[in-house]
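Biologist: I should like to learn how to read a structure with more than one chain. May we go through it feature by feature?

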Amino acid sequence: MGLRRYLANKTVWYLGALVVAVVLNFLLPRLIPGNPVDVLVSKMGQGGLSSEAQQRTYEAFMREFGLDKPMWDQFLLYMSGVFQGSFGASFSFYPTPVSSLIAQSVPYTLALQLPAIVLGWIIGNVLGAIAAYKGGGWDKSVFTTALLFNSTPYYCLSIILLYVFGVVLGIFPVGGAYSLGLSPEWSWDFFSDALTYWWLPFLSLVLINIGGQAVGMRSMAIYELGSDYVNYSRSLGIGDRKMTGYIFRNAMLPQITGLALSIGTMVGGALITELVFSYPGMGSLLFGAISSNDYPVIQAVTLIITVAVLVANYLVEILYGFIDPRIRASKSGEK
Amino acid sequence: MTNIQSAAATAEAEGPLIPEGLPTEPRKAKPAWRSLNFGPRMWISLGIIGFVAALAFIGPLFYPYGAEEKVGSLYDSPSAEHFLGTENFGYDVLAVLMASARNSIIIGLLAGTIAVLIGVAIGVLAGYVGGWVEELLMGFTNIVLSIPPIVILILISISLQSTGIAFLKGVVGLALVIGIVSWPWTARAVRAQASSVATREHIDVAKLSGARTPSILVRDVLPYLASYAVMAWVLQLASAILLESTLSMLGLGPSGANSLGKQLFWALAFQAVATGAWWAFLPPTIVLTMISFGLLYLQSSLDEVFNPRLRRGKKKNLAKAAARRAEAARKLAENKPVEAIV
């Protein structure tokens, strides 16, 4: 069975990638000569802590984060923590567990990115296919606009949108996720308020995704347009609508792999978009953690991003296996 | 004509678009380019890139203020003396912009070149040699490819920030890290190309004439990939500059040096957007967009030069032409038996 082999193959590769990612996530921050606690405590020292108190904090932190143990034990500790979904306590908000900080920010990130990725992908592909099919001036204008959006860095578009619509025109609120005085809750008031804050960051993500997908789809569709089956079908007098359908379905396949590849970049860009709008998602959490040397939070955020991207890629590739008839039909797995 | 001769002749006729020179030196190829038809896209993109490069490298020679010179206070509005006002530390924005653009371009050039060199080396090796070498290299590449590069970059940069080695914290260190992290997709794409080149006849000719593998790789495989490598280099250049600014905005930029991302970082930190100090954040935003757009546009126009199939500026209405063809085919089918259509 081609499909089964394909699925098994992909599963093995992604498990491998997951292991590498988890190990890297553990190892890279520990490559520093000294350790995170040194940096942290020396910063506290500048704040005027006595050396005795400093020593005590140092030891407490070392014990708390298990840094006094040998590397191998640290790794096992880290792994068991990861499997239990606990990432220890944050440095800068000391007793607060990292997992609760993350639980607070994940919903905002998901609310921004999921619709932006899905809608951007659908709209972009349709636009790209139309541009390729119609050609001429339509193609030129769509392609150039799409390329402009595609090549605008996420945060540049965010800054421009924020300035124009938030500051100059005053249509949307400037920064944050909800009005002062409200607190996150499941109520209509909160949602309608949060929605006004959601538009700008969402727009800056989705416009760029539309651009990127349209550019990719256009060139795939142009390639398909020149192929033999299109010429043959045309000579048989098959109607435009049906032809577009054929072309669309064939050009779609590489776009699905393209989606898998681009999710990683998108997530990176979206992190900064949150920063620009001071949207309280994972990006802002990461930024705060980096500026305060909050290693447990940094590590947890990078791990979650990596795992999320891997899982998304994996799902897309699995979906691909079901969609692409060649994989179902072939006796041996692809590649 | 014997088989070998004809193969050699075809190989020569098919000849590479860029006959010689490393992929990282597109300028050498100018004579060959002259015979090619440059579209307006190419000129637009070259113009944009030229403008930014001039701003970064020639501008400081004529501009009276330096990037390290305090000339005003927090966010002074643009004036006749300071075209773009001052930024949060009271430095002249235009002077800082020039220095930033220069550093960002240097980071991009270094990192892009490193990434393409590694990517091409791994891709060619995997694609040409095949077998377990290919499995191993591509397995590694695919694994690295599926981990978001920004995550690895963040983790490495944090480690570098806390080392005492100044060299690694600055522009060069950042460029090295970005280059080392971003080669995988180039390797994957180059491998696909290299394995198709490896099956061509001129490789057999080279093997029969006793050439060693390294020489075949350099003289018979690489030239065929040159056009692709140039395009990959342009893309890597753009992506490295953007990665640098992403890192800088997260607070992990090169220490002690200006960069476009750091300029944005400070603008955001000092609330330039909310206070309406547009001169502090719009210039780096626009320059970054120009760099990115210019390079991507250049890449797409290079793509059209190298892949004629994508070229469609001259043929105005493809749909019309297609309809005409369909119409002709229909007429043919009506008048004559189907067998007549070839």
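Modeller: The turns below treat the secondary structure, burial and the contact between chains. This is a predicted model, in which local features need pLDDT of at least 70, side-chain atom pairs count only at pLDDT 80 or more, and totals for chains, interfaces and linings use all residues. Residues are numbered from 1 along each chain as its sequence is written, while chains are lettered from A and ligands numbered from 1 in the order in which they are written.

Biologist: How many helices and strands does the secondary structure of chain A come to?

Modeller: Helices (H or I, at least four residues) and strands (E, at least two) are DSSP runs, numbered from the N terminus. Chain A has 13 helices and 0 strands, and chain B has 16 helices and 0 strands.

Biologist: What share of the residues in chain A is buried?

Modeller: A residue is buried if 20 or more other C-beta atoms, placed from the backbone, lie within 10 Å of its own. Buried residues form 40% of the 335 in chain A; for chain B the figure is 47% of 342. In helix 15 of chain B, 22 of the 29 residues are buried.

Biologist: How many residues does the contact take from chain A and from chain B?

Modeller: Two residues are in contact if their C-beta atoms, placed from the backbone, lie within 7 Å. Chain A gives 57 residues and chain B gives 51. On the side of chain A, helix 1 (residues 2-27) supplies the largest share, 8 residues.

Definitions and conventions. Buried ≥ 20, exposed ≤ 12 C-beta atoms within 10 Å, placed from the backbone.
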